[in-house]
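I opened my notebook for a quick look through this one. These are my entries in the order I made them.

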Amino acid sequence: YFAQALGESIFTQADDLETLRSMVKDAVECHFFDLENRPQLIRLHIVRDEVFAL
């Protein structure tokens with residue numbers, strides 16, 4: 001799983017969705033040092049990209 005913020009240079013990745021949520025929180029906390037500018041909510045837009053044989 002990969003996560004990328006819109007409008008900010010925040011990127012992270014994880015092996016499962018639960019870990020990704022934790023990694024996203026950590027990345028946002030590291031990017032926004034002061035609490036006043038840190039977002040209170042994080043929205044994950046999950047896109048499933050599937051490949052299959054014909």
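**Entry 1: Ala-3.** I began with Ala-3, which counts as buried because its relative accessibility is 16% and the cut-off for buried is under 20%. Ala-3 sits in strand β1. I noted that the model is a predicted one. Next I looked up what Ala-3 touches, setting aside neighbours within four places in sequence: the list is Ile-10, Phe-11, Thr-12, Leu-20 and Val-24. I also took a C-alpha distance from Ala-3 to Gln-13, which comes to 6.0 Å for two residues 10 apart along the chain.

**Entry 2: Thr-12.** Thr-12 was on that contact list, and I found it in strand β2. Buried or exposed, I wondered about Thr-12? Thr-12 has 15% relative accessibility, so it counts as buried. Leaving out neighbours within four places in sequence, I get contacts from Thr-12 to Tyr-1, Phe-2, Ala-3, Leu-20, Met-23, Val-24 and Ala-27.

**Entry 3: length of α1.** I moved on to helix α1, residues 17–31. I checked the span: with 1.5 Å a residue, its 15 residues should cover 21 Å, and the end C-alpha atoms are indeed 21 Å apart, so the two agree.

**Entry 4: faces of α1.** Which residues of α1 are buried? I get Leu-20, Val-24, Ala-27 and Val-28. Looking down the axis of α1, I see these buried residues inside an arc of 95 degrees, so they line one face of the helix. I jotted down the textbook reason: an α-helix has 3.6 residues a turn, so residues three or four places apart point the same way. On the face of α1 turned away from the buried side I found the exposed residues Glu-18 and Lys-25. I then asked what the buried residues of α1 pack against. They pack against β1 (2–4) and β2 (11–13).

**Entry 5: Leu-20 and the core.** For Leu-20 I again skipped neighbours within four places in sequence, and got contacts with Tyr-1, Phe-2, Ala-3, Thr-12, Gln-13 and Ala-14. Then I pulled up the largest nonpolar core, which has eight residues: Ala-3, Ile-10, Ala-14, Leu-20, Val-24, Ala-27, Val-28 and Phe-32. Which element gives the largest share of this core? It is α1, with four residues.

**Entry 6: Asp-16.** I went to the loop between β2 and α1, where Asp-16 is found. Asp-16 caps the N-terminal end of α1, with a side-chain oxygen 3.3 Å from the backbone nitrogen of Glu-18. The side chain of Asp-16 also reaches the backbone nitrogen of Thr-19, at 2.8 Å. I read a relative accessible area of 33% for Asp-16, so it goes down as partly exposed. For a long-range check I took Asp-16 to Glu-50: they are 34 residues apart along the chain, and their C-alpha atoms are separated by 17 Å.

**Entry 7: salt bridges.** How many salt bridges does a search of the whole structure find? I got one. Arg-48 forms it with Glu-50, and the closest N and O atoms are 3.1 Å apart. My margin note says that side chains of opposite charge can pair when their charged atoms come close. I also checked the accessibility of Arg-48: its relative accessible area is 71%, so Arg-48 is exposed.

**Entry 8: exposed Leu-6 and Phe-52.** I looked for Leu-6 and found it in the loop between β1 and β2. Leu-6 counts as exposed because its relative accessibility is 84%. The C-alpha atoms of Leu-6 and Leu-44 are separated by 11 Å, with their positions 38 residues apart along the chain. Phe-52 I placed in the segment after α1. At 62% relative accessibility, Phe-52 counts as exposed too. My last lookup was Phe-52 to Tyr-1: I noted 19 Å from C-alpha to C-alpha for residues 51 apart in sequence.

Terms used
Residues are numbered from 1 along each chain as its sequence is written. This is a predicted model: local features need pLDDT of at least 70, side-chain atom pairs count only at pLDDT 80 or more; totals for chains, interfaces and linings use all residues. Side-chain values use heavy atoms; hydrogens and water are left out. Helices (H or I, at least four residues) and strands (E, at least two) are DSSP runs, numbered from the N terminus. The expected span of a helix is 1.5 Å times one less than its number of residues. Buried means under 20% relative accessible area, exposed over 50%, partly exposed in between (1.4 Å probe, protein chains only). The arc is that of the directions from the helix axis to the C-beta atoms. Contact means heavy atoms within 4.5 Å. A polar contact is a pair of N or O atoms within 3.5 Å; within protein, one must be able to donate a hydrogen and the other to accept it, and residues adjacent in sequence count only if both atoms are side-chain atoms. A nonpolar core is a set of buried Ala, Val, Leu, Ile, Met, Phe, Trp, Tyr and Cys residues joined through side-chain atoms within 4.5 Å. A salt bridge is a side-chain nitrogen of Lys or Arg within 4 Å of a carboxyl oxygen of Asp or Glu.
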